[in-house]
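Work through these exercises with the coordinates open. Each has a task and a stepwise solution.

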Amino acid sequence: GDTLETIEAPVDKLHLVGASNLEAKIPRGPYWDRFLHVRLDFDEKALATVCQSILGGFGIPETKHKLAKVFAGFIGQSRKDAAEGKITFPLSPRDLKRAALFAPDATENAVAGTLTALIADKVQSWDADTGDRIEDGGGIRAWSTALKVIANAKPEAEAETETETETETSE
């Protein structure tokens, strides 16, 4: 509560970094003026790398399904959909991390299946009076369908074994 942490370091080695998201409420001038500003624009390729890093942290390697790349694309589209008012909130890398955390096992399939169950409840708009979901034009359904394909795909090791068996049988 009331204790402060003291950090001692030579001034040329001490760097303080604050990060935040841009929002509709604009900060007051004196507050805004205290920082060096570095704005990072959305970059889907860089985000895919971040998403794969999240999966890697859970021991989930990249497979031919490229869940990280697919999900980064969904994040990009959800940002546009939120700006257009089609959905309430965009997806974020935190959703991927949450899905990896709660997935039944450490595979892209399991994470994709968990994401399928989570995304609509996070992003879909609702009627303020009834709480009923408001249709978004099919975007959420398309994301869920793509994730279900990954969730239901055979793991790569199993698919490779089947291919080897088919090759051996045909010889």
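Helix axes are lines fitted to C-alpha atoms over the stretch in contact, and angles run from 0 to 180 degrees between N-to-C directions. The model is predicted.

**Exercise 1.** Determine how α4 and α5 pack, and list the residues in contact.

Solution.
- Step 1: Get the geometry. α4 and helix α5 (residues 108-123) have axes 9 Å apart, at an angle of about 130 degrees.
- Step 2: Classify the angle. Angles over 145 degrees count as roughly antiparallel, and 65 to 115 as roughly perpendicular. α4 and α5 are therefore oblique to each other.
- Step 3: Assign the hand. The crossing of α4 past α5 is right-handed.
- Step 4: List the contact. α4 supplies Asp95, Leu96, Ala99, Ala100 and Phe102, while α5 supplies Val111, Thr114, Leu115, Leu118 and Lys122.
- Step 5: Sort by class. The contact of α4 with α5 has seven nonpolar residues, one polar and two charged.

**Exercise 2.** Are α2 and α4 parallel or antiparallel? Justify the label, then describe the contact.

Solution.
- Step 1: Take helix α2 (residues 44-57) and helix α4 (residues 93-102). Their axes lie 9 Å apart and the angle is about 20 degrees.
- Step 2: Apply the cut-off. Angles under 35 degrees count as roughly parallel. So α2 and α4 are roughly parallel to each other.
- Step 3: Add the hand. α2 and α4 cross in a right-handed sense.
- Step 4: Name the partners. On α2 these are Leu47, Cys51, Ile54 and Leu55; on α4 they are Pro93, Leu96 and Lys97.
- Step 5: Count the classes. Six residues of the contact between α2 and α4 are nonpolar, none is polar and one is charged.

**Exercise 3.** Repeat the analysis for α5 and α6. Which hand does the crossing have?

Solution.
- Step 1: The axes of α5 and helix α6 (residues 139-152) come within 7 Å and cross at roughly 165 degrees.
- Step 2: That angle makes α5 roughly antiparallel to α6.
- Step 3: The crossing of α5 past α6 is left-handed.
- Step 4: The contact includes Ala112, Leu115, Ile119 and Val123 of α5, and Ile140, Trp143, Leu147 and Ile150 of α6.
- Step 5: By class, the contact of α5 with α6 has ten nonpolar, four polar and two charged residues.

**Exercise 4.** Characterise the largest pocket: volume, lining and contributing elements.

Solution.
- Step 1: The volume of the largest pocket is about 1800 Å³.
- Step 2: Its lining has 33 residues; Ala19, Ser20, Asn21, Leu22 and Leu40 lie nearest the centre.
- Step 3: Elements giving two or more residues to this lining are α1 (29-32), α2, α3 (67-83) and α4.
- Step 4: α2 gives the largest share of the lining, three residues.
- Step 5: Sorted by class, the lining of the largest pocket has 20 nonpolar, five polar and eight charged residues.

Notes: Residues are numbered from 1 along each chain as its sequence is written. This is a predicted model: local features need pLDDT of at least 70, side-chain atom pairs count only at pLDDT 80 or more; totals for chains, interfaces and linings use all residues. Side-chain values use heavy atoms; hydrogens and water are left out. Helices (H or I, at least four residues) and strands (E, at least two) are DSSP runs, numbered from the N terminus. A crossing is left-handed if the near helix is turned anticlockwise from the far one by less than a right angle, and right-handed if clockwise. Contact means heavy atoms within 4.5 Å. Ala, Val, Leu, Ile, Met, Phe, Trp, Tyr, Cys and Pro count as nonpolar, Asp, Glu, Lys and Arg as charged, and the others, Gly among them, as polar. On a 1 Å grid over the protein atoms alone, a cavity is a set of points where a 1.4 Å probe fits but cannot get out, and a pocket is an open set with protein on both sides within 12 Å along at least five of seven lines; lining residues have an atom within 4 Å of a point. Grid points are joined across faces, edges and corners, and a volume is the space filled by probe spheres set on the points.
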